Amino acid sequence: MAYEGILLGIGNPLLDISAVVDDHFFKKYGIKLNDAILADDRHLSMYEEMATKYTVEYTAGGATQNSIRVTQWMLQIPGATSYIGCIGKDNFGEEMKKNCKLAGVNVQYYEDESAPTGTCAVCVVGGERSLVANLAAANCYKSEHLKRPENWALVEKAKYFYIAGFFLPVSPDSVQLVAEHAAANNKVFMMNLSAPVICEFFKDALDNFLPYTDFVFGNETEARTFSKVHGWETDDVEEIAVKISQWRKVSGTYKRITVITQGADPVVVAEDGKVKKFPVIFLPKEKLVDTNGAGDAFVGGFLSQLVQQKPIEECLRAGCYAANIIIQRSGCTFPENPTF
């Protein structure tokens, strides 16, 4: 049975700022539809402009935080999930705290004095969107915060840990502390490949933590990039999933399971050298609102059943359910209660 603090996520908290803007705004900041980029100097004033000129919606975002919020929503047990990351001491940080506490997540943010809270601008024109992420404070997380007794207590209490690959460049020593704790205490450590750029430019960090990982999540593009940078010379997602699942392991308590989503195509699950495929829920095109956060939601749904020790098929069913709900809404948001 799931209990308070059973799952801990660590990641880059970003406040999603969503607004319907206009073509002039797109031109001014040189952004394109259906694109996702990291902010540079010319984008820094856009966040304030969105907040003052347009009707904005704020949602707590960032990949790991999205997954944890979805798990929390699916479980409906206050405080079953905890989350750690770095925010700034500002209004956006306060907004994020409020957002997550309302969702029932036990957030323990490290508050950085020098950098603003990380944000992701979700700029919408004609129902299509462009994402511009500014990591800011999220990039400043330090393992000293994790080692504080009140925060390490969350690590001690949790039985499951989830960290997306996006966090690897930020604080690898924090990841190391949690991975080693999980291995030494027969706990479940899970990671996400997160993005092709992580597989490519942070290959060594990923390779370093894979042996600790009991579950690896990713999508087909990330899996193929992972294969390419490791010289596997295959684009076959099933073959790649098996190879990742057979990577050496530090602890023999659990077998590694690889879970690769493929958009509307079946989810690929590799375990024990064998592959199973699991169909996703069909959604007519006219009901699709926004695929942003679908992968995060899939993981969140999956984890909600995993922490209750349900069979993998049930975890997959919950993952597909959560992703299906999220893509029919704007941003990573959900109705008050799940109907799973």
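**Reading the cores and the sheet**

Modeller: Let's begin with the largest nonpolar core of this predicted model. Of its 55 residues, M190, F217, F298 and F302 touch the most other members.

Colleague: Which residues is F298 in contact with, leaving aside its neighbours within four places in sequence?

Modeller: The general idea is that nonpolar side chains tend to be buried together in soluble globular proteins. Here, F298 is in contact with F217, V259, T261, V267, L316, G319, C320 and A323. Apart from that core lies another one, with 45 residues, among them L154, L168, A195 and L206.

Colleague: Let's try a single residue. Is F209 buried or exposed?

Modeller: To call a residue buried, you want a relative accessible area under 20%. F209 has 1%, so it counts as buried. You'll find F209 in helix α9, which covers residues 203-209.

Colleague: And what does F209 touch, beyond residues up to four places away in sequence?

Modeller: The list is L168, P172, V175, Q176, A179 and M191. For a feel of spacing, take F209 and F226: they are 17 residues apart in sequence, and their C-alpha atoms are 14 Å apart in space.

Colleague: On to the sheet. In what order do the strands come?

Modeller: Read an open sheet from one edge to the other. This one has nine strands, in the order β6-β5-β1-β9-β10-β11-β12-β13-β14, with mixed pairing. At the edges are β6 (106-112) and β14 (274-278), each of which pairs on one side only. From one strand to the next, the twist averages 20°.

Colleague: How many bridges join β5 and β6?

Modeller: Seven, and the two strands pair in the parallel sense; β5 spans residues 81-88. One bridge to look for involves G88, whose partner in β6 is D112.

Colleague: Which helix packs on the sheet?

Modeller: Helix α12, residues 294-306, does. It touches β1 (7-10), β9 (160-164), β10 (188-192), β11 (215-219), β12 (257-262) and β13 (265-271). Compare directions too: that of α12 makes about 155° with that of β11.

Colleague: Last topic, the cysteines. How many disulfides does the structure hold?

Modeller: Zero. The step to remember is that two cysteine sulfur atoms must lie within 2.5 Å to count as a disulfide. For C86, the nearest cysteine sulfur is that of C140, 5.4 Å away, so C86 is in no disulfide. C86 is buried, with a relative accessible area of 0%. C100 is in no disulfide either, and its nearest cysteine sulfur, that of C332, is 11 Å away. The relative accessible area of C100 is 0%, so C100 is buried.

Technical notes
Residues numbered from 1 in each chain as written. Predicted model: local features only at pLDDT ≥ 70, side-chain atom pairs only at ≥ 80, totals over all residues. Heavy atoms only, no water. Helix = DSSP H or I, 4+ residues; strand = E, 2+ residues; numbered from the N terminus. Buried < 20%, exposed > 50% of the residue type's maximum accessible area, 1.4 Å probe, protein only. Contact = heavy atoms within 4.5 Å. Core = buried A, V, L, I, M, F, W, Y, C linked by side-chain atoms within 4.5 Å. Pairing = 2+ DSSP bridges. Axes fitted to C-alpha atoms, helices over the stretch in contact; angles between N-to-C directions.
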